Amino acid sequence: MQRVYMYSRFLRLWHWLQALLVITLLLTGFEVHGTVQLFGYEEAAGYHRLAAWTLLGLWALAWFWHLTTGEWKQYIPSPIDRILAMMRYYGLGIFKGDPHPFHKDRWHRHNPLQRMAYLSLHIMIGPVIWISGLAYIFYPYLAGYGLSLTPIALLHTLGAFLMLAFLIVHLYLALTTSDKPLGFLKGMITGYEEIEDEKTTSA
Amino acid sequence: MRLLANLLIVILAAGFSVQSWSSTAAQDPSTADHSKFEQLQGPFATGPDVTEACLGCHTEAAKQLHKTSHWTWAFENPVTGQMLGKKNVVNNFCVAAASNWPRCTSCHIGFGWKDDTFDLTSEKNVDCLACHDTTDTYKKFPTGAGHPNYEPKKWPPKKGKTRQPPDLVRIAQNVGTPDRDNCGNCHFYGGGGDGVKHGHLDSSMHKPTRDTDVHMDIDGLNFSCQTCHTTGGHEIAGSRYATTAVDKEGIDVPGRTDNARATCVSCHDTAPHGAAANSKLDEHVDKIACETCHIPTFARGGRKTKTWWDWSTAGRKDQHGKPLVIKDPQGYDTYNFKKGDFRWEANVAPEYRWYNGRIDFSTLGEKIDDTGVVSINRLNGSYDDPDSRIWPFKVMRGRQPYDTVNKVLAVPHLFGKDSEAYWKSFDWGRAIKAGLAATGQEFSGEYDFIETEYFWPVTHMVAPKEEALSCQSCHSRDGRMAELKGFYMPGRDRFEWLDLGGALVVLGTLGGVSLHGLARLVASRRRRNP
């Protein structure tokens, strides 16, 4: 076992702030949508806008960080056989107590499925939400260009459902699949993670 | 010491006198004391005699008034070209002025409009006092065709209170700028009684509280009608027939704009909510009229307004054979044998429609489609029209007679001493025949009653800002805008298939990870205890 500094300070800040903002946005967003009632419409809409602008700023920093530090390479999709191996593990091996088919290190933090999931979060779900979100904020000024709120709201709601589903799967895997109970949670707080020494495969 | 005290008294007295001078100046800025005028010493036998005296100095006044719809009861809509005004339109209260002149024209700014022969060029028949009486004692008699009573007379006839004739000399010597009471004596009682017609104009507006009207609040701004309905040469700004649904000119600056302050924007500007307010509010002005949020309900001054009038049930008698009148606990008629069934409401939430200021009216003799509810006036506007806003309306509904063969709304001859009048004979056939004849139309002999609706833009009784509608009033599933279709509104609208699909995905995911977790738990137990 070795203790690896896996999650840098910025990454942890980004992760936790993003978590807070996404949960706030989901709650207030579904209030604006009329699904839940928590704060009142005006307050919900106000918090939603504030959280949205903060998240946009954070995402801008995160994109810059990924691009300048080379961290973006950690999202390059793995070969198909490794993805299949991961699927086999979650579908079968995990029940039999098989060892994890992927060994993580500082520069290979994500298993092949995580790479796919986070990549789609960054280049699909994220953009669907922020592009439709910006249009939602500015549509009174865009109405002259024939832009209607209907497709904007539709895409934004779709993005919200995808984000919520992502959050559920993420929480399940992050909180229950570490070797030690809540090991990943601890890692994401302290930055350090305990890792098996043996070299299996890399993503 | 005494000197000091004297000095103090002098200073205080000077202070008081300055103060009293300035407050009188604010109340009465007139440069003329009409009681000193030789021409106004009387005696005056009739209203027109007073007018002749007025015109002796105010030589152009009657000519100015002759051009206004207050006088002509006719108004050419500059947008539609329709000839409107009380003389030409039909409504679903007493339906039409034609054939009922002397009753209706008790609110005309003239004397003697008792039938079609009234001379609209007569100068001495302009009634100056209706608008310029400051004593609050000038009253036109309800059936006097615009005249006050010159002898003591009972109203209602026979069993009512005796009305003394107004003191025309005193009134003439005390003329001045109109106040709320002058306008209100007619406009608060439209439709035949207090608050009947508009609901946002009623007797509570003589001395409104802040809650009733934030601008006219007697303890606050205390606006008169002309503060907004700016006047010049007896023309008055602001029209219900040709509404300014959108004012893009901003604050009204002399020399730059039209000098009319009859829109909210002419004082409050086009971005009225201020930097401290939620910026989303100013972003609503491109779709929402100010009145929509700021007049959350009308008939807010403790009076009720009429919202339903069913003529078809008129004429009933009680078990003793006497004409039937039923009143609600507050004393409002819910049934009157002369007029049928009524519904009255207070604190009424308006109905909302897209509106660009153009209303098409049904005028006398216009063919109607009798297959459904007849809209006597039809609003124009839509979400896609950049000049439309969501406006609040009082929608007056009721049932009224129409000619089932010729498909025209009947003009019932209601009031009059002749036996054709409905309120004498209680025979609809005769009343409709006489009314239609008076407007040059022929009656087929067949009539029935049809449901109609009439839209009245709600513009008065602006509430204090803390009473304005909240976001949630409209942004909720069954909010105020539930009826307005054709656009997406957050909080109200959703894509049901997307919400269903989304819920399935989210619940499916939850179920999936739960099962996966459970299976792992079971599997690991088995591994440990095979």
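How many residue pairs are in polar contact between chain A and chain B? I looked this up first and found 15 residue pairs, both residues at pLDDT 80 or more. A polar contact here is a pair of N or O atoms within 3.5 Å; within protein, one must be able to donate a hydrogen and the other to accept it, and residues adjacent in sequence count only if both atoms are side-chain atoms.

I note that this is a predicted model, in which local features need pLDDT of at least 70 and side-chain atom pairs count only at pLDDT 80 or more, while totals for chains, interfaces and linings use all residues. Residues are numbered from 1 along each chain as its sequence is written, chains are lettered from A and ligands numbered from 1 in the order in which they are written, and side-chain values use heavy atoms, with hydrogens and water left out.

**Interface of A and B**

I then looked up salt bridges (a side-chain nitrogen of Lys or Arg within 4 Å of a carboxyl oxygen of Asp or Glu), and the rule finds 0 across this interface. On the chain A side, H2, helix H3 (80–96), H4 and H5 each supply at least two residues that touch chain B. H5(A) gives the most, with 13 residues. Helices (H or I, at least four residues) and strands (E, at least two) are DSSP runs, numbered from the N terminus.

In contact terms (heavy atoms within 4.5 Å), 33 residues of chain A meet 31 residues of chain B. The buried area is about 2900 Å², and carbon and sulfur atoms give 62% of it. Tyr41(A), Phe95(A) and Tyr172(A) supply 23% of what chain A buries against chain B, more than any other three residues. Buried area is the accessible area (1.4 Å probe) that two parts lose on being put together, summed over both.

**Backbone of chain B**

I found a cis peptide bond between Gly42(B) and Pro43(B), with omega about -10 degrees. Pro43(B) sits in the loop between helix H1 (2–27) and helix H2 (47–57). The bond from Trp155(B) to Pro156(B) is also cis, with omega near -5 degrees. Pro156(B) belongs to the loop between strand E3 (153–155) and strand E4 (161–163).

I also checked phi. Val95(B), not a glycine, has a positive phi near 75 degrees, and its loop runs between strand E2 (83–84) and helix H5 (101–104) of chain B. Val95(B) counts as buried because its relative accessibility is 2% (buried means under 20% relative accessible area, exposed over 50%, partly exposed in between; 1.4 Å probe, protein chains only).
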